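Open the model in your viewer and keep the sequence beside it. This tour goes from one selection to the next and says what is found at each stop.

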Amino acid sequence: MQSDEEMLGLAIKGDSHARCELFDRHRQRLRVMVQLRMDRRVAARIDPSDVLQEAFLDYDRRLSEYAANPQVPVFLWLRTLTGQRLIDLHRQHLGAQIRDAGLEVSLYHGAFPAASSISLANQLLGRFTSPTQAAIRAELQI
């Protein structure tokens, strides 16, 4: 049996069998990782095989990039690609909520002052302390 490095060399030279074999020899470990990390809500919609199929497409597209500078073992690189694909699928299926600007609430009412960290600190101190405490803290610049 050839090592991952040997299979990588063959895959880069255009051997499609080596390209597939390199991914397939790690498929089961990647499947276990996906099963352990997949959110239950996503698991109801997609199968781990779907995640691995998408990860294989990423692998196929980026193999030459990895081969040019392999800083980690092949399995770790494949695990990273698969994890990134799983995150993307979580976002896609769970739907990252887009913030509604109409729901944002300003912390400052009225015209905005010249904002510096000291003026903002003074603003906050004035709301939560007595005027005397705020003056003392402003002098000490706490």
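**Stop 1: a charged pair**

Select arginine 25, which counts as partly exposed at 21% relative accessibility. Bear in mind throughout that this is a predicted model. Now add glutamate 21, the salt-bridge partner of arginine 25, with 3.8 Å between the closest N and O atoms. Glutamate 21 is partly exposed too, with a relative accessible area of 27%. Side chains of opposite charge can pair when their charged atoms come close. The count of salt bridges in this model comes to 10.

**Stop 2: helix H5**

Go to aspartate 58 and arginine 61, whose side chains meet in a salt bridge at 2.4 Å, N to O. The two are 3 residues apart in helix H5, so about one helical turn separates aspartate 58 from arginine 61. Is aspartate 58 buried or exposed? Aspartate 58 is buried, with a relative accessible area of 9%, whereas arginine 61 is exposed at 57%.

Keep both selected and add Glu54 and Arg85: a network of salt bridges links Glu54, Asp58, Arg61 and Arg85.

Next, select arginine 62 and glutamate 65. They form a salt bridge in which the closest N and O atoms are 3.4 Å apart. Here again the partners lie 3 residues apart in helix H5, which means a separation of about one helical turn. Arginine 62 is partly exposed, at 30% relative accessibility.

**Stop 3: the nonpolar core**

Clear the selection and pick Phe23, Val34, Met38, Val51, Tyr59, Trp77 and Leu78. Within the largest nonpolar core, which has 26 residues, these touch the most other members. Which helices each supply at least two residues of this core? They include helix H1 (4-12), helix H2 (16-24) and helix H3 (27-37). Helix H5 (48-68) and helix H6 (74-94) each supply at least two as well. In soluble globular proteins, nonpolar side chains tend to be buried together.

Stay with valine 51 and show its surroundings. Leaving out residues up to four places away in sequence, valine 51 touches Val34, Met38, Ile46, Thr82, Arg85, Leu86 and Leu89. Arg85 also appeared at the previous stop, in the salt-bridge network with Glu54, Asp58 and Arg61.

**Stop 4: arginine 31**

Finish in helix H3, where arginine 31 is found. Select proline 48 with it: the two are 17 residues apart in sequence, and their C-alpha atoms are 6.2 Å apart in space. Beyond residues up to four places away in sequence, arginine 31 touches Asp47, Pro48, Ser49 and Leu52.

Definitions and conventions
Residues are numbered from 1 along each chain as its sequence is written. This is a predicted model: local features need pLDDT of at least 70, side-chain atom pairs count only at pLDDT 80 or more; totals for chains, interfaces and linings use all residues. Side-chain values use heavy atoms; hydrogens and water are left out. A nonpolar core is a set of buried Ala, Val, Leu, Ile, Met, Phe, Trp, Tyr and Cys residues joined through side-chain atoms within 4.5 Å. Buried means under 20% relative accessible area, exposed over 50%, partly exposed in between (1.4 Å probe, protein chains only). Helices (H or I, at least four residues) and strands (E, at least two) are DSSP runs, numbered from the N terminus. Contact means heavy atoms within 4.5 Å. A salt bridge is a side-chain nitrogen of Lys or Arg within 4 Å of a carboxyl oxygen of Asp or Glu.
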